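Could you walk me through this model in the viewer, one selection at a time? I would like to know what to pick next and what is there.

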Amino acid sequence: MPVVKAVTCPVCGSLCDDIELTIENGRIVKVKNGCAMCEAKFLGYCCEHRVLKPMIRKDGELVKTSLKEAIRRAAEILAEANYPVLYGWSNTSCEATSVGIELAEEVGGVIDNTSVVCHGPSILSIQDVGIPSCTLGQIRHRADLIVYWGSNPWSAHPRHIERYTSFSEGRFEKSAWRGYVTKIKALVGRKKIQSAIKRLVLKKPSQISTHLEPTFVSPIMRKGRKLIVIDVRRTKTAEMADFFVQVEPNKDYELLQAFRALIRDQELAVDKVAGVPVEYLEDVADAMVSCDFGALFFGLGLTMSGAKLRNIDAALSLVRDLNMRTKFIIMPMRGHFNVTGANTVSTWQTGYPYAVDFSLGYPRYNPGETSVVDVLLRKESDAALIVASDPVSNFPHKAAEHLAENPLIVIDPHMNVTAQMADVLIPSAFVGIEAAGTAYRMDHVPIPLKKVVNPPRGILPDEEILRRILAEIRKIKKKQEAA
Amino acid sequence: MGEKPKLRVTLLTGRTIEQGVGKEHGKSSKEYVESVSVCYMDPEDMKKLGVKDKTNIQVSTAFGSVVVKAQKSLRAPHPSVIFIPYGPWANVIVDPETHGIGMPSFKGIPATVEPAPEKPVLGLKELLELQFRKG
Amino acid sequence: MMVNLYPLKELKLPIVAECINPDIFQGKKPAEIEKLEVWEGNKQKKLGELFKAEIAETEDASENTVVVIHGDISRVKRIGAGMKNGEIIIKGDAGMHLGEEMKGGKIAVYGNVLGWAGSMMKGGTIEIHGNAGDYLGAPYRGSTEGMKGGKIIVHGNVGREAGAHMHKGIVKIYGCAGQFAGFRMHGGTIYVQKDCEARTGACMVEGTIVVSGRIESVMPSFTIEGVKKKVKIEEGEVVETPFYLFLGDLTENGRGKLYVAKDKNPHLSHYEKYL
Amino acid sequence: MELLIRNGFVYDPVNGVNGEKMDIAIKNGKIVEKVNERRAKKIDASGMVVMPGGVDIHSHIAGGKVNSGRLLRPEDHFKDFERKTVTTRSGVGYSIPSTFTTGYRYARMGWTTVMDPAMPPLEAKHTHEELSDTPIIDKASYPLLGDWWFVLEYLKNGQIEECARHVAWMITATKGYAIKLVNPGGLEAWGFGRNVNSIDDPVPNFGITPREIIRGLCKVNKLLNLPHTIHVHTNNLGKPGNYVTALETMECVEDLADGDKPVIHITHCQFCAFKGDDWRTFESGAEEIANYVNAHSHVTMDMGQVIFTDTTTMTADGPFQYILYTLSGNKWVNHDVETETSAGIVPFHYRRKSFVHATQWSIALELALLIKDPWKILMTTDHPNGGPFIAYPRIIAWLMSRKAREATLKKINPKARSRSLLPSIDRELSFYEIAIVTRAGQAKALGLKNKGHLGVGADADIAIYGFNPEEMEPSKKYKAVRRAFKRAAYTIKGGQVVVKDGEVLKHMDGATMWLDVQLCEPCEIELNEDMKRRFKEYWTVGYENYPVTEDYLAVSHPITVKADV
């Protein structure tokens, strides 16, 4: 049976590129090295919920139609629109997004990607503060302090810790895996270790402990990696941590600002911040200042609550300020596998990473004004194209309502919730399984996505579908001009 | 009705690995639906309300109200904090206000929880039909 | 002269109409005004396709051009952007970026306005009789060029980040303010007569914020400096009630002043032990 | 397609043509002896200046760093936008234009070849995706290799040939064009927040000095027979007193020179020609640098002219960018790349009234005017570090006109003015010399045989400017010079008219040039096995997913190089 190696996993922003797939009769039958979500995707993508024929809504019902007809109808809707939104893009290739931007420019629409409802606020604050960051290997090689704040890699990025942070093996820093095992052993005995290992969705433990014997001796005295988790709940990631700080919901900003004051050796005029005693915070601040290389990863726990974008502003400022004392970097834990790519392509073509409004014939950007949820809440759009995303099940009800009222085109492999609301539904191939392309990892490293099996007959990749719609729109416009 | 216990809480929504796995099985799959129509609660809070594991509760915010299954949180203690995975059920009650930045408030929303043994957890189709004309 | 504008229909699509500006209208006939270009969604239109313009010659022969808009124009963006002279009166709600980069003149709104009103303002006055949205007087994304002058008065409530990056000028809010009023402020004055959400004055370096109502909390990176008997808001406006004075933001080595009314904020009394 | 450009004043320094009135014939994208006069499309260039298309040896136009700069600065471009037209895509401009706009704006000025000088190998695909989306112009990029662990380790062990084989692999794998060194050794040190302070300061953890890296890669460059020299951003860049480091850097490869052939390119030299002990005693070191360069033939350099404007600084020099952040307090991006390099970005406003900034402005012009041989000092702004490339017409005016320089001198900081060497310099460059510093010299330094000249067989990349040297003196009419170079009367790329009267007529792809470095075959296989073995230890991306495949290049233009190893 053919085995395809070095496959990139199209699930989360970690973009693990060491997946091995066994193919039998054009189907994936075995997945090696992947986490639970990776396995579920590669083994389960071709399920009964797959859409296999283009559909069009007639008399309130979705009925099957030809691809040509579906593309023609989609093109008509977009060509007629006065203010269409084109949304999604984080679960497809950069190449598809690129065509999407051209399409948005052609129809004078608003093109937005899913970062608007995940790390959009992070981007807004990066635009105010900047961001000291690096690629993930830099952390693997050098970081002796890892902080996860409002992010739970155990659930959202299962192999992040193993591949890039605490349990990875670097040139100057060794894996903290053994220390973790010892700690667990001391705490709960052998049985729990097995389940802990299982929970981590790692390779076999023996492989881990012997994995990568160091070929060079680090001249730096190894001090051992530390892991700090800061969250409103004691997450599974928190259980692994050397320190856990439980912050009151919506109070992350105060905590971050308190850390900023502490690392400047300033006294706080309060005993507790965000429910945490100041003495405890002083210890954590000490650990931050005295490490050789610290890395702070943050997730939606910070972007979505309380101060929202300003949580990130404070986190970025904290890490920037820490660079006066030591080396420290910060990185958002990007969710969808190519949300970073969607931002990246959008930025190089338009100057802006998301929420780009082409209605005046050139790119304009102002999240809050040109972002999809706001456009929907104000009921401004009069047509919508959704690619590789499911906003109806991700947006607040009020925003989803206007989306469902718009003439709605959906390009997606699955019959997801948004697809069920579609007026035109065009099934697509799975990028990274049935179609090749490029994706950007959360640290902006571009990684190729492979085509490992063929899509079902007649099913095209997003990129190709979008090209055809664009060509059809140009045809319609030419006709209109001639008339 | 007035005596019915009601708990004031902070609602968080977010990702879970079950939802992540369920999503890859397809959004109409049983796995997905079951993974997102639940509410994780602190066991002490459940005791206070008198709700048992896997029984129905009604969660309400200023923006809507939805019935989901209560589930004992493994991440306790987190008194007065409840957690619902991202999905159509959570969307009924999250705060759409973006505060001028494009992002609605998905976490940290004031909410109330009450037992709802007599009310059903709606299936996906029913939920959508109730909310949208299409589907 | 006085120009009356009447919307011809219910406006649903976003409209960009920076041509609605007394400097541009000045000396033009209604037909010329109606020929000015605007964008409705992705289509370029003439102002006359959306509004009917009428000119009423005023009795006093002053050169001031007054534009009066009758009706809900909450979809219309950039009204009065960059204006230097004259007056705009809006009898209804107004859209985003009202008076953006305004340099002089006056805008009055008898209704609510959406976000970015008075953004990057340098001079002139905006008076809003209803509520204002987020980013009142704040700069564009990524910029630190906040208000450099002028005056904004809001009789209702305002959203988040009012007066962010402000350098000079005054913002008076007679209602409540959302989070982060005076964020990264470098100068000028913000007055909030009613309540303030959390994080008021976060990262401020200089300038003054006065809160007469209840403040949700004071940032841990502010220190208490004392209690003052009264605070001057501007020439001729003094609030005579005891105020706590906090200084901050420590995280930016700031010396901004945050005055918070003592009587309305018993939850801050614990700070008194540091005095 | 045949094209005939008639009666222009032609400046083609490679072929010794100095303003002669002549015709240029084009066929199938190349310059030819003659074309069928009746069939050919004719362009009347009488009363105009005809030059080869402009070449830019150093301009940050693509890749992760540039794009982070775009993302960082919506306020930089929201007022400078370009609307979509029937032929062109929309975009935004100012200091870090979007890719389409970058291509159009270069073409509008008559530039047709641009080199992106800093490609982190791990993110090379990104650079190439952006280059492919940069229309009209031809381009290439230099991989950053001065702090690559492989290089440090092999050079430390004295394994020059091993090092050369790996560099060859890397250049081809990243589809790169030249060896780029940025603050050699300093970037590895920056991985732990440190730096190196001289070319003899050892790199922490690696036991090697910048001098050894520079010499080593210079030797590697020769072993591989690469068309360009090593391209060096010196240590201590941006620090007062660093002209000494620049001199030491040039001296350290003096013995490696082959006759008159240059072996090192010192880039954006203005930034490393600072004299003084600190910012208060800061002064120009241009004279010392110029004296050295005038006495040696193994160096080429480019200016790194400063423009008084708001711009976005971005280099791979992480520690330098951090200093710039602490000096300016502006927002700061840092991006270190595992086992390879780093990068930093800080927005920056150069002000006329600032003593330091005005002195920097003066230094670059002093260098260009004091270095006698124009083939050695090329015109750049180190876009966007000294200022955006759209300022080139202003620089040309300053170089051609003493009057233009005086007009600016009047407006700058008085202390900087009184210390500037410019008032003592009378030299005014001719169009012939401008053609050298903006195209012929650039192409020669790059080893681009078909660019930068109008001889038979050259690529038909041509710029025509509306300025009549018979009727006007450029030194007096410098504003007319500026206007002429701002909007080319015609830009011809690959034989096609792409710009007329400063308007872009056509959206077409330019080529991406890269070196296919060919080693002795057995070495290649061994190298691959070795690389595979060590890949996992060094990088977080698999060996199979690392190289840039040719399909990332919209138009791939490989240049075969036969190495001596």
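Here is a short tour that visits a whole chain, a contact between chains, a single residue and a helix pair. Please keep in mind that the model is predicted.

**Stop 1: chain C**

Select chain C and colour by secondary structure: you should find 19 strands and three helices. The radius of gyration of chain C is 20 Å, close to the 19 Å that the globule rule gives for 275 residues, so chain C is as compact as a globular protein of that length. Turn the C-alpha trace of chain C along its principal axes and you will see that it spans about 70 × 40 × 25 Å. Of the 275 residues in chain C, 53% are buried. If you like contact maps, consider the contacts in chain C with a separation of 6 or more: 37% of them come from residues 24 or more positions apart.

**Stop 2: where chain A touches chain D**

Now show chains A and D together. Their contact takes 55 residues from chain A and 47 residues from chain D. On the chain A side, the elements giving two or more residues include strand E1 (3-7), helix H3 (94-107), helix H4 (120-129) and helix H5 (136-142). Which element gives the most to this side? Select H5(A), which contributes six residues. Colour the chain A side by residue class and you get 25 nonpolar, 19 polar and 11 charged residues.

Next, zoom in on strand E8 (130-134) of chain A. E8(A) runs parallel to strand E18 (residues 332-336) of chain D, and five bridges join the two. To find one of the pairings, pick Gly130(A), whose bridge partner in E18(D) is Trp332(D).

**Stop 3: Cys218(D)**

Stay with chain D and select helix H8 (residues 210-223), where Cys218(D) has its place. Is Cys218(D) buried or exposed? Cys218(D) is buried, because 22 other C-beta atoms lie within 10 Å. Leaving out residues up to four places away in sequence, Cys218(D) touches Ile230(D), Val253(D), Leu256(D), Val263(D) and Ile264(D). Try the distance tool on Ile230(D): this residue is 12 residues from Cys218(D) along the chain, and their C-alpha atoms are separated by 6.0 Å.

**Stop 4: a helix crossing in chain A**

Finally, select helix H12 (residues 252-263) and helix H13 (residues 278-290) of chain A, whose axes come within 10 Å and cross at roughly 65 degrees. The crossing is right-handed. Show side chains for Ala258(A), Phe259(A), Leu262(A) and Ile263(A) of H12(A), then for Leu281(A), Glu282(A), Ala285(A), Met288(A) and Val289(A) of H13(A), and you have the residues that make the contact. Eight of them are nonpolar, none is polar and one is charged.

Terms used. Residues numbered from 1 in each chain as written. Chains lettered and ligands numbered in written order. Predicted model: local features only at pLDDT ≥ 70, side-chain atom pairs only at ≥ 80, totals over all residues. Helix = DSSP H or I, 4+ residues; strand = E, 2+ residues; numbered from the N terminus. Rg over C-alpha atoms; globule rule 2.2 N^0.38 Å. Buried ≥ 20, exposed ≤ 12 C-beta atoms within 10 Å, placed from the backbone. Contact = placed C-beta atoms within 7 Å. Nonpolar A, V, L, I, M, F, W, Y, C, P; charged D, E, K, R; others polar. Pairing = 2+ DSSP bridges. Axes fitted to C-alpha atoms, helices over the stretch in contact; angles between N-to-C directions. Left-handed = near helix turned anticlockwise from the far one by under 90°.
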